[in-house]
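Subject: the structure I promised you

Hi! Here is the structure we talked about, so open it up and keep it beside you while you read. My notes on what turned up follow right below it.

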Amino acid sequence: MKTRELIAGLLQGDPRALAKLISLIEDREPGFSSIIDEIYPHTGRAYRIGITGPPGAGKSTLVDKLVPFFRKEGREVGILACDPTSPFSGGALLGDRVRMQGLSSDGGVFIRSLATRGSLGGLSEVAYEVSLLLEAAGYDLIFFETIGVGQVEVDIIEAADTVVVVVVPQSGDAIQALKAGLMEIADVFVVNKADQEGAEFAVQSLQLALRPEESSSAWIPPIVKTVATGGEGVDRLKEALNRHRGLLGGEGLRQRHLSRLQRFIQRVVEEQLKRELWDEHGQEMLARQVERILRGESGPYQIAEEIRQKLK
């Protein structure tokens, strides 16, 4: 099927066309950028929720139990679950998708696993572009679930309107370690597996780390206790998400949308310049300059400055 036919199918909500276009974007097939340009006018309406936290915190199970609350409101939901990359195929290992089997039969939910492919930020580098495809296909609520590798997952804040950080009771001692990364990006905290010993200590540790009395922010991240496997507390998480979206309002969501678009264009320009600079000719030029360093004729910073000046 031709790309134009796939785009027409996407705009009509065809999940098969959506899946094929996502593959074209992920694989960076020739002409993939024109797909984004063509569908972009049909985007801008979705609300994005990011779910992040340490491995084993129950993020996938939480999403599996949370989505039905939104489906009851008639929302069309897209889920982008970032999984580790297969060393053989380069694709996602599909772990999160397997754990969300409860949603697989719902025609109003689209789940896609994205391979991180070496990204250290917890999200696949193409997650934003794929989310645009979901928007154009009519999905008005998009979940991002990160791979779960720790502090480096802070790029979720650039993708989502509301960020949920999930921890478990056993992570009470790790709150200080999280503080340098995930603590600062959370709009909502979830202490999952709250039926286990140490849940109250985890809540207290979060409260101590947050220190709401010292904050001048209009929003203090609420701490919600859940037992995702049994669906306990998920309704309270839904309420917390609604409150945060209400706080953002239309203008707040618009500003986040504009910031995302600006960062995306900046990244595209940087990637294109990098490819152009370090093409075959650029690599040959660099090799010659490195020889000058080895002969003691120059230094690395001096060479870098000379290259930069040539780009002007």
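Arg-71 counts as partly exposed, at 21% relative accessibility; that label covers the range between buried (under 20% relative accessible area) and exposed (over 50%), using a 1.4 Å probe and protein chains only. Before you go further: this is a predicted model, where local features need pLDDT of at least 70 and side-chain atom pairs count only at pLDDT 80 or more, while totals for chains, interfaces and linings use all residues. Residues are numbered from 1 along each chain as its sequence is written, and side-chain values use heavy atoms, with hydrogens and water left out.

Which residue does Arg-71 meet in a salt bridge? The partner is Asp-106, at 2.9 Å from N to O. (A salt bridge here is a side-chain nitrogen of Lys or Arg within 4 Å of a carboxyl oxygen of Asp or Glu.) The two sit in distant parts of the chain, 35 residues apart: Arg-71 in helix 4 (residues 59-71), Asp-106 in the loop between helix 5 (95-99) and strand 3 (109-115). Helices (H or I, at least four residues) and strands (E, at least two) are DSSP runs, numbered from the N terminus. Asp-106 is partly exposed too, with a relative accessible area of 25%.

In general, side chains of opposite charge can pair when their charged atoms come close. The whole structure has 16 salt bridges, and here are two others to look up.

Arg-260 and Asp-161 meet at 3.0 Å, N to O. Arg-260 is in helix 10 (residues 234-277) and Asp-161 is in the loop between strand 4 (141-145) and strand 5 (162-167), so this salt bridge ties together parts 99 residues apart in sequence. Are these residues buried or exposed? Arg-260 is buried at 5% relative accessibility, and Asp-161 is buried at 1%.

Arg-308 pairs with Glu-305, with the closest N and O atoms 2.8 Å apart. Both belong to helix 12 (residues 300-310), and they are separated by about one helical turn because they are three residues apart. Arg-308 is partly exposed at 42%, and so is Glu-305 at 34%. Salt bridges can also share partners: Arg-71, Glu-76 and Asp-106 are joined that way into one network.

Helix 12 also packs against helix 11 (residues 280-294), at an angle of about 145 degrees and with the axes 10 Å apart. Axes are lines fitted to C-alpha atoms, for helices over the stretch in contact, and angles run from 0 to 180 degrees between N-to-C directions. Which residues of helix 11 take part in the contact? They are Met-285, Leu-286, Gln-289, Arg-292 and Ile-293, and they meet Pro-300, Ile-303, Glu-306, Ile-307 and Lys-310 in helix 12 (contact means heavy atoms within 4.5 Å).

Now scroll to helix 6 (residues 127-136), which is mostly covered: ten of its ten residues are buried. Among them are Tyr-128, Glu-129 and Glu-135. Just after helix 6, Gly-138 has a positive phi of about 105 degrees.

One last stop is Pro-15, in helix 2 (residues 15-26). Pro-15 is partly exposed, at 43%. How far apart are Pro-15 and Phe-110 in space? Their C-alpha atoms are 7.6 Å apart, although 95 residues separate them in sequence.

Have fun clicking around!
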